[in-house]
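This report introduces a protein model to a reader who has not met it before. Please look through the sequence and the structure first; the description follows.

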Amino acid sequence: EGRQQYFVNPTLAFRYLALNTERPLFAGAKLRRAVNYALDRALLIRQRGAYAGRPTDQYLPYGLAGFRDERIYPLDRADVATAKGLAAGAKGKAVLYTCNEAPCPEPAQIIQANLQEIGIDVEIRQFERAVQFQKQGVRREPFDIAFDGWQADYADPYDFVNVLLDGSRLQKANNVNFSYFDDPVFVEKMHAAARLSGDE
C-alpha cells in the first residue's frame, strides 16, 4: 500500500585483488602500482548493481577506525596513461582465480579487459568458492591474481591489515594472505601497530 521501506546498511567489508608477490609477474611494486591505476573501480562497482558499495583504494573499509580517504589511486575511472607508464611496456600472462557464480565471473571480465590495456593477458580460472579459497591458501599455487573479499570479524584494522598482509604468518597451506606479501619492514610496522590501543 505504498508504505514499504528499503534500508541499506553498510558493513565493514571490501572486495580486492590480491597480487601474488611470490610469482615473477607481481614481485615488483611498480607493476602492482600499474594494475592499481589500470583498474576501473567505478565500473566494477556499477557492474554489481545499486547499493553494492563505493569505490575505494584502501585496505581499511569506510567507517573503520583508522580509515583515511587518501585517494591514492583513481576511483572514478582508470588512468591508463599512468598505468602504461608504470608498466613500461611489460608484457605478461596472469592467471586470475575467482569463483564460478555471480557476482564473480562478471568483474573478472572487467579486470581482464583493464589489464589487457597495459599488456597483461589475464587467464580467468573459475572455481566453487570453497575450492578457490582452499587453492589460494596453498603456498606456491600457480595463480597471479586472486579476486576476493573480506568482512570484519571484529571492528579493528588488525583484522584487515595484519590478517591479510602479515608475511610472518605464512605457512604451507591455509593462508589468507593471498598476496603472499612478506616485507620485514612492513611486518614490523604491523606488529608495532597491533601493540597499540585506543586512539593510538
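A residue is called buried when its relative accessible area is under 20% and exposed when that area is over 50%, with partly exposed for values in between. The model described here is predicted.

**Overall fold**

The protein is built from 7 helices and 4 strands. Along the sequence, these elements follow the order β-α-α-α-β-α-β-α-β-α-α. With a radius of gyration of 17 Å, close to the 16 Å that the globule rule gives for 200 residues, the protein is as compact as a globular protein of that length. Its C-alpha atoms fill a box of roughly 55 × 45 × 35 Å along the principal axes. Of the 200 residues, 40% count as buried.

**Backbone features in the loops**

Two residues that are not glycine have a positive phi, and the table sets them side by side.

| Residue | Phi | Location | Relative accessibility |
|---|---|---|---|
| A88 | about 50° | loop between α3 (80-87) and β2 | 58% |
| N174 | near 65° | loop between α6 (161-165) and α7 (184-194) | 67% |

Why does A88 count as exposed? Its relative accessibility is 58%, and exposed means over 50%, so A88 falls in that class. N174 is likewise exposed, because its relative accessible area of 67% is over 50%.

A further backbone feature is the cis peptide bond that joins A102 and P103, with an omega of about 15°. P103 is placed in the loop between β2 (92-99) and α4 (105-116).

**Aromatic rings**

How many aromatic pairs does a search of the whole structure find? The search finds 12. One of them is formed by Y16 and Y59, whose ring centres lie 6.0 Å apart with 45° between the planes, a tilted arrangement. Y16 belongs to strand β1 (residues 13-19), whereas Y59 lies in the loop between α2 (41-47) and α3, so the pair ties together parts that are 43 residues apart in sequence.

The partners also fall into separate accessibility classes. Y16 counts as buried because its relative accessibility of 8% is under 20%. Y59, with a relative accessible area of 27%, is partly exposed. Both residues belong to one aromatic cluster, which is formed by F14, Y16, Y59 and F160.

**Charges over rings**

Where does the charged end of R15 sit? It sits over the ring of F147, at 4.5 Å from the ring centre. A similar placement involves K189, whose charged end sits over the ring of F186 at 5.3 Å from its centre.

**A nonpolar surface patch**

Which residues make the nonpolar surface patch? Y6, V8 and Y51 make this patch of about 400 Å². Y51 is found in the loop between α2 and α3. The relative accessibility of Y51 is 61%, so Y51 counts as exposed. The loop between α2 and α3 therefore holds both Y51 of the patch and Y59 of the aromatic pair with Y16.

Definitions and conventions: Residues are numbered from 1 along each chain as its sequence is written. This is a predicted model: local features need pLDDT of at least 70, side-chain atom pairs count only at pLDDT 80 or more; totals for chains, interfaces and linings use all residues. Side-chain values use heavy atoms; hydrogens and water are left out. Helices (H or I, at least four residues) and strands (E, at least two) are DSSP runs, numbered from the N terminus. Buried means under 20% relative accessible area, exposed over 50%, partly exposed in between (1.4 Å probe, protein chains only). Rings of Phe, Tyr and Trp (its six-membered ring) pair if their centres lie within 6.5 Å; planes under 30 degrees apart count as stacked, over 60 as edge-to-face and the rest as tilted. A charge sits over a ring if NZ of Lys or CZ of Arg is within 6 Å of the ring centre and within 35 degrees of the ring normal. Patches are made of residues with over 30% relative accessible area and no salt bridge: like charges are joined within 9 Å, nonpolar side chains (Val, Leu, Ile, Met, Phe, Trp, Tyr) within 5 Å. Accessible areas come from the Shrake-Rupley method with a 1.4 Å probe; for residues, only the protein chains shown count as cover. A salt bridge is a side-chain nitrogen of Lys or Arg within 4 Å of a carboxyl oxygen of Asp or Glu. The radius of gyration is taken over C-alpha atoms; the globule rule is 2.2 Å times the number of residues to the power 0.38.
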